[in-house]
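Please examine the sequence and the fold shown below before reading on. The paragraphs that follow lead through the structure element by element.

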Amino acid sequence: MNRKNATREQARQILKKGICDMSIGRLIQLSHYGLMGNIALSSKTMSVDNIFNRIKYDEENSVITFSVEESQGSYGEISFLIDAIVDISGCEDKEDPEEYLNINIKLDNDTTIDIRILY
């Protein structure tokens, strides 16, 4: 294995360990890594499913946003308050553990958020 592949594999293992030991602090840290994937938000009244290639954390308002960024701007944003999280966990994707990691979040209003991160 060459050095570039070894470094990439180390980064994958660090990300996997962080996701599988998920916390609110680690969720906020994800905004620094340029990750991409899919996010699904479900509540009693709606369901929204979107891809993302940008995670942004607004510290002043405690809001995290998952969006699609392109040269024309961003679209398809899904945002929620960090302070509304009552439960958060992470695990390998059962269907494709070599390509995806999952984060499962429950908010205080019974909204669920499922994030599937490509890694």
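Strands β4 and β5 form a hairpin, with two residues between them. In this predicted model, β4 covers residues 63-70 and pairs with β5 in the antiparallel sense over seven bridges. Two of the positions along this pairing can be named. Glutamate 70 of the protein stands opposite glycine 73 in β5, and phenylalanine 66 has isoleucine 78 in β5 as its bridge partner.

The hairpin belongs to an open sheet of three strands, in the order β3-β4-β5, with antiparallel pairing. The edges are held by β3 (54-58) and β5 (73-81); each has a single partner strand, so one side of each lacks a neighbour in the sheet. From one strand to the next, the twist averages 25 degrees. In general, strands of a sheet pair through backbone hydrogen bonds, in either a parallel or an antiparallel manner.

The loop between β3 and β4 contains serine 62. What is the sign of phi at serine 62, a residue other than glycine? The value is positive, near 55 degrees. Most residues other than glycine have a negative phi. Serine 62 also has a relative accessible area of 15%; because buried means under 20%, this residue counts as buried.

A second open sheet consists of five strands in the order β2-β1-β8-β7-β6, and its pairing is likewise antiparallel. At its edges stand β2 (47-52) and β6 (85-92), each with a single partner strand, so that one side of each is left without a neighbour in the sheet. Direction ignored, neighbouring strands of this sheet are turned by 15 degrees against each other on average.

Within the five-stranded sheet, β1 and β2 form a hairpin with four residues between them. Strand β1 (residues 36-42) is joined to β2 by six bridges, and the two run antiparallel. Among the facing positions, leucine 41 stands opposite valine 48 in β2, while serine 42 stands opposite serine 47 in β2.

Further along the chain, strand β7 (residues 100-107) includes asparagine 102. Is asparagine 102 buried or exposed? With a relative accessible area of 14%, asparagine 102 is buried. Asparagine 102 and serine 67 are 35 residues apart in sequence, and their C-alpha atoms are 17 Å apart in space.

The loop between β7 and β8 (112-118) holds aspartate 110. Phi of aspartate 110 is near 70 degrees, a positive value in a residue other than glycine. Aspartate 110 counts as partly exposed, at 41% relative accessibility. The partly exposed class lies between the limits of 20% for buried and 50% for exposed, which means that a value of this kind meets neither of the outer definitions.

Attention now turns to the helices and the pocket. The largest pocket has a volume of about 350 Å³. It is lined by 17 residues, of which Ile14, Leu15, Gly18, Leu30 and Tyr33 are the closest to its centre. Both α1 (3-20) and α2 (24-29) supply at least two residues each to the lining of this pocket. Which element gives the most to the lining of the largest pocket? The answer is α1, with six residues. By class, the lining comprises 11 nonpolar, three polar and three charged residues.

The confidence of the prediction completes the description. The protein averages a pLDDT of 91, and 95% of the residues score at least 70. Among its elements, strand β7 has the highest mean pLDDT, 97, whereas α1 has the lowest, 82. As a general rule, predicted coordinates should not be read in detail where pLDDT is low.

Technical notes
Residues numbered from 1 in each chain as written. Predicted model: local features only at pLDDT ≥ 70, side-chain atom pairs only at ≥ 80, totals over all residues. Heavy atoms only, no water. 1 Å grid on protein atoms, 1.4 Å probe; cavity = no way out; pocket = protein on both sides within 12 Å on 5 of 7 lines; lining within 4 Å. Points joined across faces, edges and corners; volume = space filled by probe spheres on them. Nonpolar A, V, L, I, M, F, W, Y, C, P; charged D, E, K, R; others polar. Pairing = 2+ DSSP bridges. Axes fitted to C-alpha atoms, helices over the stretch in contact; angles between N-to-C directions. pLDDT = per-residue confidence, 0-100. Buried < 20%, exposed > 50% of the residue type's maximum accessible area, 1.4 Å probe, protein only.
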